[in-house]
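Trainee: Could you take me closely through one part of this structure, the way the helices of the second chain pack against one another, and then set that part in its surroundings? I would like one connected account that I can follow with the model open beside me.

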Amino acid sequence: MLFKTIVIFILFLVVSSLFTALYSMIKDKGQSNRTVKMLTMRIGMSIGLLILLLIGYQLGWINPHPV
Amino acid sequence: MSTQSGGYYLPAPSHWPIVGSIGLFIMLFGFASALPGTSDGEMGNMTMMYIGMAIVAFMLFGWFGQVIGESESGKYNAQVDTSFRMSMVWFIFSEVMFFAAFFGALFYARQLSVPWLSGEGNNAMTNALLWKGYAGDWPTNGPASVGGKFEIMSAYGIPLWNTIILLTSGLTVTWAHWGLKKDNRGQLIMGLFLTVALGAVFVALQAYEYIHAYNDLNLKLTSGIYGSTFFMLTGFHGLHVTIGAIMLLVMLFRSMKGHFTAKNHFAFEAAAWYWHFVDVVWLGLFIFVYWLV
């Protein structure tokens with residue numbers, strides 16, 4: 001359960017950085033690097049999240065669909 | 001052509017809105033006419049719907065092409081720029097609501113309505129009298145087993161590969177974005193090309209996965225609540241990947257023609273952001289549909 005909570009928390013951070021990027025895209029009108037920086041964070045955290053899921057799976061902390 | 005008066009941008013009269021209206025009308029009229037009139041569920045002739053879709057595509061191509069031409073010839077002022085950005089916000093708002101509805105349907109079925117059928121909450125009699133013995137385990141096609149026995153897709157295999165492909169395309173589009181910001185046109189073009197190519201691979205693998213689901217797993221759109229939520233979510237996501245890839249393809253062609261600068265590139269940034277959005281939707285899908293049961 002703790003592991004799933006962490007996964008959801010990171011997903012929340014990913015969504016937050018995505019929408020912060022949207023905000024700066026509208027506000028800064030292309031004049032700053034804020035948008036591309038937030039999007040870089042977004043992709044970095046997403047890849048980190050996938051790696052975490054795969055590590056969690058290998059260590060038996062989480063299982064896809066119990067069939 | 002455009003005229004400016006008192007700082008307000010006044011576009012010249014255009015035939016594109018009426019072309020779009022006619023296209024949409026013919027498309028929806030064609031669709032409604034083809035809907036099954038009897039309970040056998042057979043769709044009628046959909047030719048008119050396709051003609052409407054072709055007119056809409058023609059309108060989009062022509063209208064956007066004209067806007068790009070006007071933008072490149074320097075006709076637009078700061079106010080037009082703001083209106084483009086606000087339009088993007090509303091477009092994204094509608095997209096978020098769209099996916100929220102389908103994710104909402106998944107959560108509602110999984111956390112509430114299916115457990116109720118198995119007797120949870122104050123529904124003990126529902127289970128005892130109507131669906132005796134139904135345990136409500138997810139994934140399910142309901143107590144009546146609508147669509148027959150099915151198997152689900154394993155998270156390992158194509159769904160995992162598709163996640164890796166889409167996340168890699170998120171990397172390449174970010175790399176292209178940095179290329180534009182640093183006035184490195186080669187990096188911009190290469191990054192966009194790789195992103196579009198990865199998007200195409202994703203859609204192809206998704207199509208392969210659907211064929212596998214239909215032929216080998218008996219997992220279909222008609223497989224009860226699981227089948228319908230699975231295909232509606234992944235199918236509409238796939239459609240959005242296709243739309244995003246078309247947008248980025250246009251950005252690729254425009255980059256090759258020398259459009260966009262480090263300070264003036266809203267179309268690119270909006271399309272790139274949209275790609276990130278579609279990527280995050282997939283990540284959410286992958287995690288909720290395949291992992292967090």
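Mentor: Let us begin where one helix of chain B crosses another: α1(B) passes α2(B) in a left-handed crossing. The axes of α1(B) and of helix α2 (residues 47-72) of chain B come within 7 Å and cross at roughly 160 degrees. Angles over 145 degrees count as roughly antiparallel, and α1(B) and α2(B) are therefore roughly antiparallel to each other. As for the residues that make this contact between α1(B) and α2(B), they divide by class into 17 nonpolar, six polar and no charged residues. You should keep in mind throughout that this is a predicted model, and that within chain B the confidence is highest in helix α1 (residues 16-34), at a mean of 97.

A second pair to examine is α5 and α6 of chain B, which cover residues 158-181 and residues 185-217 respectively. The axes of these two helices come within 8 Å and cross at roughly 165 degrees, which makes α5(B) roughly antiparallel to α6(B). The crossing of α5(B) and α6(B) is left-handed, and their contact consists, by class, of 16 nonpolar, 10 polar and one charged residues.

The third pair joins helix α3 (residues 78-117) of chain B to helix α7 (residues 224-256) of chain B, with axes that come within 9 Å and cross at roughly 160 degrees. That angle makes α3(B) roughly antiparallel to α7(B), and α3(B) passes α7(B) in a left-handed crossing. Here you can pick out the residues one by one: from α3(B) the contact takes B:Phe102, B:Ala105, B:Leu106, B:Ala109 and B:Val114, while α7(B) gives B:Ile225, B:Thr229, B:Met232, B:Leu233 and B:Phe236. By class, this contact of α3(B) with α7(B) has nine nonpolar, one polar and no charged residues.

To place these pairs in the chain as a whole, note that chain B has eight helices and two strands, and that its elements, followed from the N terminus, run β-β-α-α-α-α-α-α-α-α. The C-alpha atoms of chain B fill a box of roughly 75 × 45 × 35 Å, taken along the principal axes. The domain assignment of chain B gives domain 1 as 12-67 and domain 2 as 82-103 + 151-291, and the C-alpha centres of these two domains of chain B lie 25 Å apart.

Between α4 (124-130) and α5 of chain B there is a loop that holds B:Pro139, and the peptide bond leading from B:Trp138 to B:Pro139 is cis, with omega near 0 degrees. B:Ser145 is found in the loop between α4 and α5 of chain B as well, and its phi is near 55 degrees, a positive value in a residue other than glycine.

Chain B also has a partner, for 29 residues of chain A are in contact with 30 residues of chain B. On the side of chain A that touches chain B, the elements that give two or more residues are α1 (2-28) and α2 (34-58) of chain A. That side of chain A has, by class, 19 nonpolar, seven polar and three charged residues.

Finally, a word on how far the prediction itself vouches for what you see: the model scores ipTM 0.94 and pTM 0.91. The mean pLDDT of chain B is 91, and 97% of its residues reach 70 or more, although confidence in chain B is lowest in strand β1 (residues 2-5), at a mean of 52.

Note on methods:
Residues numbered from 1 in each chain as written. Chains lettered and ligands numbered in written order. Predicted model: local features only at pLDDT ≥ 70, side-chain atom pairs only at ≥ 80, totals over all residues. Contact = placed C-beta atoms within 7 Å. Helix = DSSP H or I, 4+ residues; strand = E, 2+ residues; numbered from the N terminus. Nonpolar A, V, L, I, M, F, W, Y, C, P; charged D, E, K, R; others polar. Domains from an automatic or database assignment. Axes fitted to C-alpha atoms, helices over the stretch in contact; angles between N-to-C directions. Parallel < 35°, antiparallel > 145°, perpendicular 65-115°, else oblique. Left-handed = near helix turned anticlockwise from the far one by under 90°. pLDDT = per-residue confidence, 0-100.
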